[in-house]
Amino acid sequence: MAKCYLCQKDNIPFMGGFTMNGIPGKICNTCREEYLKIASSKSDGKYFSDILNSTKNHPATDTLIKIIQDANGEINKEIDSLPVSTTDFLDGYSIIEYKNVVTGISVFGTAIFHEFEAKLTDSLGLTSLSAETKISAAKTAALYQLKRDAYLQSCNAVIGVSMNFAPLNGSMIGVLASGTAVVTSKNAEQ
Ligand SMILES: [Zn+2]
């Protein structure tokens, strides 16, 4: 038996083990399967973070960290691509199950509104690009949280999404996104 590069267990049979792109040593079948799950976005990398957390001075630390980051990157992409709709349906999909209301909140300072007003006055009604960029980033952040909330409840879409802006105190504005998390299936192509 030889040692697996990732889990460090003596579980690679003679002439066995797997070589994978991006991993400098031979790995066992369990690690290979976990690695493939990450490649197909079916893992958050917990298997590998557990290995890293339970092994002191792991010789493959750099490789493990990279794998874990990749896993989370894939999940972020998956969350980001969750479809959302402001209506009660989603074109091309059937809703199989309605789950909870999901929300996302982001907060930003009103300094940008002073800037916004100033630019409005200065440029006779032309809107401030930088303020727009900040508001748009706040909306994106709130929507991302909403989608992540749905994703964590094993949903794959959010319907009835609305966005609200609310002053929180003198200097902060909250962006609240809310909707209903649903499980959908793609309709067969006509
Ligand atoms: Zn292994």
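Does Pro83 count as buried, exposed or partly exposed, and how many C-beta neighbours does Pro83 have inside 10 Å? The legends below, drawn from a predicted model, take up this residue after an overview of the chain.

**Figure 1. Overall arrangement of the protein chain in the predicted model.** Five helices and five strands make up the secondary structure of the protein chain. Read from the N terminus, the order of these elements is β-β-α-α-α-β-α-α-β-β. The protein chain has 190 residues, of which 22% count as buried. Among contacts with a separation of 6 or more, 63% are between residues 24 or more positions apart.

**Figure 2. Close-up of Pro83 in the loop between helix H3 and strand S3.** The loop that holds Pro83 follows H3 (61–80) and precedes S3 (93–109). Pro83 counts as partly exposed because it has 15 C-beta neighbours inside 10 Å, whereas a buried residue needs 20 or more and an exposed one has 12 or fewer. When residues up to four places away in sequence are set aside, Pro83 touches Leu90 and Ala157. Ile159 lies 76 residues from Pro83 in sequence, yet the two C-alpha atoms are 8.4 Å apart in space.

**Figure 3. Close-up of the buried residues of helix H1.** Helix H1 spans residues 29–39, and its buried residues are Cys31, Glu34, Tyr35 and Ile38. These four are on the same side of H1, because they cover an arc of only 100° around the axis. Residues three or four places apart in an α-helix point the same way, because there are 3.6 residues a turn. The packing partners of the buried residues of H1 are helix H2 (46–54) and H3. Just after H1 comes Ser41, with a positive phi of about 60°.

**Figure 4. Close-up of strand S5 and its pairing with S3.** Strand S5 comprises residues 172–186 and runs antiparallel to S3, with 14 bridges joining the two. One of the paired positions is Ser94, whose bridge partner in S5 is Ser185.

**Figure 5. Close-up of strand S4 against S5.** Nine bridges connect S4 (residues 157–167) with S5, and the pairing is antiparallel. Opposite Ala157 stands Val182 of S5. Ala157 is also one of the residues touched by Pro83, the loop residue between H3 and S3.

Terms used
Residues are numbered from 1 along each chain as its sequence is written. This is a predicted model: local features need pLDDT of at least 70, side-chain atom pairs count only at pLDDT 80 or more; totals for chains, interfaces and linings use all residues. Two residues are in contact if their C-beta atoms, placed from the backbone, lie within 7 Å. The arc is that of the directions from the helix axis to the C-beta atoms. Two strands pair if DSSP finds at least two bridges between them.
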